[in-house]
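Got the model open in your viewer? Here is a short walk through it, one selection at a time.

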Amino acid sequence: MAENRPITVALLGAGTVGSSVASLLAENSEDFAQRIGAPVHLTGVAVRDAGRARPGLDPSLLTDDVLGLAASGADVVVEVMGGIEPARTAILAAMAAGSSVVTANKALLAEDGASLYRAAAEHGVDLYFEASVAGAIPLLRPLRESLAGDRVLSVMGIVNGTTNFMLTKMDEAGADYDDVFAEAEALGYLEADPTLDVGGHDAAAKAAILAELAFHTRVTIDDVHVEGITDVTAEDMRAARAMGFVIKLVAVAERVGEGIVVRVHPAMIPRDHPLASVRGAFNAVFVEAEAAGEMMFYGRGAGGNPTASAVLGDVVAAARNRRAGGLGPGESTYLNLPILDIGSAHTRYYVNLDVADRPGVLASIANAFAEHGVSIQVVRQDGHGAEAGLIVRTHRASDAALQATVQSLRELDTVKRVVGVMRVEGEAGD
Ligand code: NAP
Ligand code: HSE
């Protein structure tokens with residue numbers, strides 16, 4: 001490439017992330033020119049409504065012709081529109097025109113990342129997507145590149161800022177779910193479809209992306225076991241606190257035998273675990289690798305500027321590759337490990353029961369655990385008579401055995417009600 005030919009960038013989307021990308025590109029243009037070795041030139045910005053004025057954006061750059069701009073042959077096309085279509089068609093058109101692509105689109109990557117990788121390989125261009133998981137936090141590049149010489153054993157993290165904000169409020173202020181949901185809504189944290197956050201689907205998309213990179217195995221959102229936070233109550237929070245735990249929505253991807261399990265669900269975590277201190281809308285991901293041991297990545301998982309930071313890091317990488325005539329890493333799914341059902345995961349459980357207070361109750365309950373080979377770690381009784389409650393924490397067992405145990409407990413006449421059931425993560429040992 002000629003020494004001073006500008007690197008051209010086409011931007012698809014100018015919302016929360018896209019507008020920050022455009023303004024940081026302009027503000028830091030001198031630095032980008034030095035870091036890349038050539039100036040960066042923004043060639044156009046595609047939006048739905050090109051007639052609406054956008055502060056700080058030259059109106060002559062705006063267009064509603066997404067596919068036209070995508071296929072215009074810019075060096076780098078940045079897709080920050082979100083959603084499946086027209087984002088997928090636009091990315092494929094950009095690659096067919098020889099452009100490298102930077103995207104923050106977790107939904108598309110988790111649904112059909114394979115098509116994007118295939119097109120990138122076919123057309124000899126880059127596909128970067130650091131911003132798609134955990135916003136500003138450099139996490140995917142470490143998994144794709146820095147840990148390429150190691151063997152990842154597990155990835156566990158808090159990858160949805162909105163639900164972490166809600167759970168933090170419930171824990172620290174004793175607030176109810178409905179109140180913290182209203183607060184998150186008022187602060188503009190929730191996705192346009194809030195079930196993506198509170199139902200765990202946003203975290204599941206991120207878990208699929210993380211699992212694919214960590215285990216060199218193709219993983220889509222349909223492979224992820226998902227439970228959201230809608231059933232977490234103030235009572236669960238109080239019980240967790242009383243036991244020295246905090247409740248978090250965790251995304252876990254782990255090796256189990258010859259396969260992997262990928263899951264998203266609320267879990268109790270000991271208060272002294274590093275993930276327990278991740279408060280508010282922050283994200284953190286704990287990675288364990290065979291040689292490197294344990295690592296934690298922490299920072300802002302959302303927001304215009306934090307997410308734009310990750311997008312622009314990818315733009316610089318793709319631009320440098322263009323100038324050097326090389327390519328960044330492509331798809332690495334050579335292991336193709338089987339993806340196992342949640343029943344194969346090994347976890348601990350917390351079970352909260354309303355029980356009859358009479359002789360033999362404890363024995364019948366202990367028997368239900370023993371019947372399924374689940375070993376009890378701690379039992380605590382609260383109250384007596386009509387108010388008798390029992391909290392049981394188990395040792396590690398297969399999730400299938402734990403679920404079967406809970407089913408047996410529901411069928412006992414000594415158990416009046418199963419008040420709460422939750423997985424427990426982050427404790428050392430069995
Ligand atoms: P957003 O605020 O809703 O902005 C979307 C932008 O894309 C808008 O400018 C919109 O145009 C444009 N757009 C959407 N559909 C279009 C279409 N069919 N044709 C033309 N333009 C279209 O979204 P965002 O929050 O910036 O998120 C963008 C991407 O980043 C998503 O994939 C999201 O998952 C990801 N992400 C976001 C965050 C975050 O904190 N927001 C963090 C990490 C990753 P108009 O302006 O005319 O409506
Ligand atoms: N809804 C997402 C979150 C946005 O709360 O983390 C960032 O991906």
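Start by selecting G188, just after helix 8: this residue takes a positive phi of about 75°. Helices here are DSSP runs of H or I with at least four residues, strands are runs of E with at least two, and both are numbered from the N terminus. Before going on: this is a predicted model, where local features need pLDDT of at least 70, side-chain atom pairs count only at pLDDT 80 or more, and totals for chains, interfaces and linings use all residues. Residues are numbered from 1 along each chain as its sequence is written, chains are lettered from A and ligands numbered from 1 in the order in which they are written, and side-chain values use heavy atoms, with hydrogens and water left out.

Now step back and select helix 8 itself, residues 177–186. Show the side chains of Y177, V180, F181 and A184, which are buried (under 20% relative accessible area; exposed is over 50%, partly exposed in between, with a 1.4 Å probe and protein chains only). Look down the helix axis: the buried residues fall within an arc of 105°, so they line one face of helix 8. That arc is taken from the directions from the helix axis to the C-beta atoms. Turn to the other side of helix 8 and you'll find D178 and A186, both exposed. What sits over the buried residues? The cover includes helix 7 (161–173) and helix 9 (195–198), going by contact, meaning heavy atoms within 4.5 Å.

Next stop, salt bridges (a side-chain nitrogen of Lys or Arg within 4 Å of a carboxyl oxygen of Asp or Glu). By this rule there are 24.

Stay with helix 7 and pick E172 plus R279: they form a salt bridge, with the closest N and O atoms 2.6 Å apart. The two are 107 residues apart, R279 lying in the loop between strand 10 (259–270) and strand 11 (282–289). R279 is partly exposed at 47% relative accessible area, and E172 is partly exposed too, at 45%.

Then select E425 and R263, whose side chains meet in a salt bridge at 2.6 Å, N to O. This pair also links distant parts of the chain: E425 is in the segment after strand 17 (415–424) and R263 is in strand 10, 162 residues apart. Buried or exposed, R263? Buried, with a relative accessible area of 0%; E425 is buried as well, at 7%.

For a last look, select K106, E191, D202 and K206, joined into one network by salt bridges that share partners.
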